[in-house]
Structure formats: C-alpha cells, structure tokens
Amino acid sequence: PLEEITPHILRLWKMHLSDKEMLEELQKHMDTTQYGLGMTKFHEIRKTLGLQRTCQQGHMVETIWDAMINLCAMYPNAGSQEMVNLLFHEHNMSVAHSVVMSYFATYEPDLVVQRKARWLQRRRFWSAGVNDLWAIDQHDKWLRFGLGLHTGIEPFSGQIMWIRVWHSNRNPQLILSYYLDVVEELQHIPLVTQSDPGTENFGIANAQTMLQQWHDPTLHGTLQHRWMREKKNIKPEITWSQLQRRFTPGFKNILDDGVTSGWYDADNTFQKSCFRLLSPITSLTTNDYRMIFCWVFIPWLQQELNAYRDHINNTAK
C-alpha cells in the first residue's frame, strides 16, 4: 500500500539513492508474497510524490539564483558540492554540479579562487565498526554569545548522533539527556563512549557503564567509557572544524551585526537587546531578559542545527 511505503521512499530519497537502489531497499519493507513493485510503477509513484531528478527539474543558473542568495548568506564558505547538497535538503532542488559551478564562476569568482587553496591536515582514526564507539565533545566558540554546543559522533559511519545548543554545555545532567534521547530513539547503545576529561561528561560515562553492565554482567568492575587527552578526541574535533567553516560564519554574522549595531551588549548576555525591545512594554528583570533570549533564539538555532545534521548525515561520505 502506498501509505505504508511513502515514508520509506521519502527517507531513501533524502539519501540520494538511485531509483534501482531505492527499489531494492523498498522491497525489504514489503510483503513480496502479496505485493509487487516494478521500476515503471515506482517511477509513477515517485512522480506522484513530486520527487523529480536533476534532468526533470532542469534548473539553470537563473532558476537557482534566489535560493543561492539565501544559502550563501547562511553558508558563506560552502563549496560547490556542499551547495548542491544544501539546495537538495533545504530547498528540495536537484541541481547539477556544473550549474552550481557556473553560478559561482559568474557571481562569486573570488570565492572560487579562495576555495582552490586547499589546506588539509590528515589524521588517522581507528574504529572497529558501526557503533563500536560514540565520541562526544563540547564546543565553546559561541560562549561569548552565551551559547554552548555539544555533539555526539559515530566515527565509523560519520553520522552526527546529536548536535545541540543551550546556554550551557557544562551541566552533566543536560549532557546526559542528549545521550539518553538518542538511545531512546535508536533503541541501542554503542560498545564504548569516548570524551575529553571533564565533569560535564561524567553523566554519560556513568550511564554508558551502567547500561553495558546491565546487559552483560561480566563487565562489572569495568569502565565502558574512554577518557581522551586534549586533541586526541579527533572525530568531534573534525566535526567542529567543519561546522566552523560551513555553518558558523553566516550565523555568527547575524549575532555580530547585533553587537556592532549596538542592539545588545555581548558582554552582558544580550540584556541590552531585550531591554531596548521590551522595556517600553513592561518592566522585566535581568533574568527575564536572559530567558527571553533563550526562548526566542535558541529554538531557531537548534532547528537550523537539526537541518545541518540532517543534510550531513544524508550526504555520502
């Protein structure tokens, strides 16, 4: 039935699979003794759902201009291949790589020259397989805006398990909730978790150890968490580096505009921003101002981070 296979089609579509690969995967979720699905019928279903391939959409430089303006403002350092993925995931546009390259050559020639100066650092990371470990780490570069980020990575597949933002990334209970939310969603845990030494990670270390010992009593007396020295927790560091290059510049510019325009005092946790906007309406305390910023900006930023995670996880590594 179409209503049963539609969610699987949409999920597989986001993974950039070919029609043949999608059909093979779909048959794993069908009762093939009762139902059959061939390529011709699958093409009809896909078109009914509005899922068109690159040639069918037929985008040119002119038709992607508006979307590119929007994406370039949010992701100013994105390369051509990443922009193809962003157009697909955020605007549902299947665009040929050559079209995006033509756009950059026409409207952003200086950025093309800059992107060709590739500075790469190669490091080796060993992982036994999927869910051998989850590597977790916090990101403090946004603390000057009163924002703390935290992530968990599955290194073998390169999947971002979570990437979360709040006004703190030092609360062990908060960090533990990120881990438990993913465990509840996926219904499995890794063999080992890994992090930098720090009290904020004690909750995950204890929970991971307890869950492993619960499932395997022979592990009693062992720690199912690795403490890594500085700069040794490589995979999350790579994730933060990519976030800094791909995601951060556009959003940092939004926050910096508020500072340079005098809308708020970055050293005072955005209190001036809230004061100027709300003081004519009502009198609020300092804590009220801080909570209003958290209530307004953090959910929006978390939504954008979720979209970033989604397109990274559905991009071939």
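Let me start with the sheet: 5 strands form an open sheet in the order β3-β2-β1-β4-β5, with mixed pairing, where two strands count as paired if DSSP finds at least two bridges between them, and where strands (E, at least two residues) and helices (H or I, at least four) are DSSP runs numbered from the N terminus. At the edges, pairing on one side only, sit β3 (159-166) and β5 (225-227).

Please keep in mind that this is a predicted model, in which local features need pLDDT of at least 70 and side-chain atom pairs count only at pLDDT 80 or more, while totals for chains, interfaces and linings use all residues. Residues are numbered from 1 along each chain as its sequence is written, and side-chain values use heavy atoms, leaving out hydrogens and water.

Within the sheet, β1 (residues 133-139) and β2 (residues 148-154) run antiparallel and are joined by 5 bridges, and His139 stands opposite Leu149 in β2. Helix α9 (residues 172-186) packs on the sheet and touches β1, β2, β3 and β4 (192-195), contact meaning heavy atoms within 4.5 Å.

Turning to the interior, the largest nonpolar core has 38 residues, of which Met68, Met83, Leu147, Phe247 and Leu301 touch the most other members; such a core is a set of buried Ala, Val, Leu, Ile, Met, Phe, Trp, Tyr and Cys residues joined through side-chain atoms within 4.5 Å, buried being under 20% relative accessible area with a 1.4 Å probe, protein chains only. Helix α14 gives the most to this core, with 6 residues. Not counting residues up to four places away in sequence, Met68 touches Met83, Leu87, Val100, Tyr103 and Phe104. A second, separate core of 14 residues includes Ile5, Trp13, Met22 and Ile45.

Terms used: Axes fitted to C-alpha atoms, helices over the stretch in contact; angles between N-to-C directions. Buried < 20%, exposed > 50% of the residue type's maximum accessible area, 1.4 Å probe, protein only.
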